[in-house]
Amino acid sequence: MQDETMVVLAEYNTITEAEISKSMLDSAGIWSTIRNEYMSAIYPIGTMPAQVVVREEDLEKARAMLHIR
């Protein structure tokens with residue numbers, strides 16, 4: 001995983017929204033993780049959003065899966 005470039009797919013104001021997206025990506029076989037998972041739960045909404053990140057080579061497939069432009 002160290003040699004792969006990770007990119008932010010989407011940002012969410014709640015960890016629940018990020019977890020739903022991650023679950024959908026996992027079901028499609030797209031590896032993802034959530035950055036700021038715990039911090040987004042501690043700080044007020046919008047201060048530190050939860051970021052779903054994917055491998056750079058999976059970005060377009062992940063966008064299509066979640067219908068993100």
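Colleague: What area does the protein chain expose?

Modeller: The protein chain exposes about 4,600 Å², and carbon and sulfur atoms supply 51% of that area. Accessible areas come from the Shrake-Rupley method with a 1.4 Å probe, and for residues only the protein chains shown count as cover. This is a predicted model, in which local features need pLDDT of at least 70 and side-chain atom pairs count only at pLDDT 80 or more, while totals for chains, interfaces and linings use all residues. Residues are numbered from 1 along each chain as its sequence is written, and side-chain values use heavy atoms, with hydrogens and water left out.

Colleague: How confident is the predictor, and which elements have the lowest and the highest mean pLDDT?

Modeller: On pLDDT, the predictor's confidence in each residue from 0 to 100, the protein chain averages 88, and 86% of the residues score at least 70. Helix 2 (residues 37-42) has the lowest mean among the elements, 72, and strand 3 (residues 50-55) the highest, 96.

Colleague: What pattern do the helices and strands follow along the sequence?

Modeller: The pattern reads β-α-β-α-β-α, with 3 helices and 3 strands in the protein chain. Helices (H or I, at least four residues) and strands (E, at least two) are DSSP runs, numbered from the N terminus.

Colleague: Why is aspartate 58 called buried?

Modeller: Buried means under 20% relative accessible area, exposed over 50%, and partly exposed in between (1.4 Å probe, protein chains only). Aspartate 58 has 16%, so it counts as buried. This residue is in the loop between strand 3 and helix 3, and it touches Ile30 and Trp31, leaving out residues up to four places away in sequence. Contact here means heavy atoms within 4.5 Å.

Colleague: What makes the pairing of arginine 55 and aspartate 58 a salt bridge?

Modeller: A salt bridge is a side-chain nitrogen of Lys or Arg within 4 Å of a carboxyl oxygen of Asp or Glu. The N to O distance between arginine 55 and aspartate 58 is 3.6 Å, so the pair qualifies. Arginine 55 is buried too.

Colleague: How many salt bridges are found in the whole structure?

Modeller: The search finds 3. In one of them, lysine 22 and aspartate 26 have their closest N and O atoms 3.0 Å apart; both lie in helix 1 (residues 15-27), 4 residues apart, about one turn of the helix. Another joins arginine 63 and glutamate 60, also at 3.0 Å, and these two lie in helix 3, 3 residues apart.

Colleague: Is glutamate 60 buried or exposed, and why?

Modeller: Glutamate 60 has 53% relative accessibility, so it counts as exposed. Arginine 63, at 26%, counts as partly exposed.

Colleague: Which residues have the most contacts inside the largest nonpolar core?

Modeller: They are Leu9, Tyr12, Ala18, Leu25, Val52, Val54 and Ala62, in a core of 14 residues. Strand 1 (6-12), helix 1, strand 3 and helix 3 each supply at least two of its residues, and strand 1 gives the largest share, 4 residues. A nonpolar core is a set of buried Ala, Val, Leu, Ile, Met, Phe, Trp, Tyr and Cys residues joined through side-chain atoms within 4.5 Å.
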